[in-house]
Amino acid sequence: MYSYPNFSLEHQSTLRQLSEASFNNIRVVATDMDGTLTTRNKFSGRLLQALENLAAGGIKVLIVTGRSAGWMSALSHLMPIIGAIAENGGLFYPSGYDQPVTLTPIPDLEAHRRSLGLAFAELKQKFPQIQESADNRFRVTDWTFDVAGLSLDELKILNNLCQEMGWGFTYSNVQCHIKPQEQNKAVGLLEVLRGYLPEFSLEQVLTVGDSPNDESLFDPEYFSVSVGVANVRKYVNQLEHQPTYMTTAAEGEGFCELCDYILQSVEIQPKI
């Protein structure tokens with residue numbers, strides 16, 4: 001079982017530059033979306049071309065995001081990727097398929113949503129300023145509210161309150177998530193890798209992110225090669241598991257920088 005560290009932990013950054021890395025063995029890139037693929041909340045033309053270039057180079061890309069089922073149902077069809085994991089490991093949308101794969105079993109969806117709503121109402125009694133996220137209506141496994149305006153101390157309190165109610169909690173640069181306790185990106189990704197990409201070892205998987213809800217993707221017990229785009233530095237002392245490497249550029253530009261390094265590694269491999 002994977003668990004998140006206590007929010008009070010602070011760690012010295014040991015991030016290394018991409019120039020120190022070797023990506024010769026990488027065949028799968030599992031990446032966060034907001035703040036990692038996006039630049040100022042948008043996909044750039046350069047980002048879409050970088051994804052096309054990875055596909056042409058034989059590198060498979062999975063998006064692993066906290067965004068809702070509704071969002072990722074569409075994007076899994078529209079982007080040059082092999083699929084998308086939504087809601088921090090809750091569901092998987094393989095590209096080209098209409099129905100998601102449930103990664104977090106929910107026997108009674110109506111009761112589950114009702115319980116999440118009650119948990120949010122309890123938090124709102126103590127933090128009346130929090131606002132339900134606009135995409136919450138498109139969610140299945142978790143419940144979200146906007147992270148804007150919340151301090152680190154307030155996030156610690158929200159985490160503790162959720163734990164007391166039997167829920168997990170995490171947050172990104174966009175949203176806070178009330179979620180099943182064992183649900184996170186690493187658990188969901190590992191299940192997808194076992195079920196849909198069994199031909200690849202974990203050593204062939206590179207994980208990418210930028211914020212606390214990506215922390216499980218940085219866990220070296222599972223993922224030996226991980227990268228944070230430069231804006232991860234904002235959160236790095238809050239993370240027990242830090243990425244192995246960090247890009248020079250932030251957000252989507254940092255991801256494009258990483259793509260260039262990966263493709264250069266692929267190109268210099270000896271042809272058989």
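How many nonpolar, polar and charged residues does the lining of the largest cavity have? By class, one nonpolar, seven polar and three charged residues form this lining.

The model is a predicted one, in which local features need pLDDT of at least 70 and side-chain atom pairs count only at pLDDT 80 or more, while totals for chains, interfaces and linings use all residues. Residues are numbered from 1 along each chain as its sequence is written, and side-chain values use heavy atoms, with hydrogens and water left out.

**View A. The largest cavity.** The count comes to one cavity of 30 Å³ or more. The space in the largest cavity is about 60 Å³. Its lining includes Asp32, Asp34, Arg67, His177 and Asn213. A cavity is a set of points, on a 1 Å grid over the protein atoms alone, where a 1.4 Å probe fits but cannot get out; lining residues have an atom within 4 Å of a point. Grid points are joined across faces, edges and corners, and a volume is the space filled by probe spheres set on the points. Ala, Val, Leu, Ile, Met, Phe, Trp, Tyr, Cys and Pro count as nonpolar, Asp, Glu, Lys and Arg as charged, and the others, Gly among them, as polar.

**View B. The second largest pocket.** This pocket has a volume of about 160 Å³. Of its 13 lining residues, Leu150, Leu155, Tyr171, Lys234 and Tyr235 lie nearest the centre. The lining divides into seven nonpolar, five polar and one charged. A pocket is an open set of points with protein on both sides within 12 Å along at least five of seven lines.

**View C. The sheet of three strands.** Strands 7, 9 and 8 form an open antiparallel sheet in the order 7-9-8. Strand 7 (143-146) and strand 8 (168-171) are at the edges with a single partner strand each, so one side of each has no neighbour in the sheet. From one strand to the next the twist averages 20 degrees. Helix 3 (residues 109-126) packs on this sheet, touching strand 7 and strand 9, and its direction makes about 30 degrees with that of strand 7. Four bridges pair strand 7 with strand 9 (residues 175-179), and Asp146 stands opposite Gln175 in strand 9. Helix 4 (residues 152-164) lies across strand 7, strand 8 and strand 9, at about 155 degrees to strand 8. Helices (H or I, at least four residues) and strands (E, at least two) are DSSP runs, numbered from the N terminus. Strands pair if DSSP finds at least two bridges between them; contact means heavy atoms within 4.5 Å. Axes are lines fitted to C-alpha atoms, for helices over the stretch in contact, and angles run from 0 to 180 degrees between N-to-C directions.

**View D. The sheet of nine strands.** This open sheet has mixed pairing and the order 1-12-11-10-2-3-4-5-6. Its edge strands, strand 1 (16-17) and strand 6 (101-102), each pair on one side only. Strand 2 (residues 28-31) runs parallel to strand 3 (residues 60-64), joined by four bridges, and Val28 stands opposite Lys60 in strand 3.
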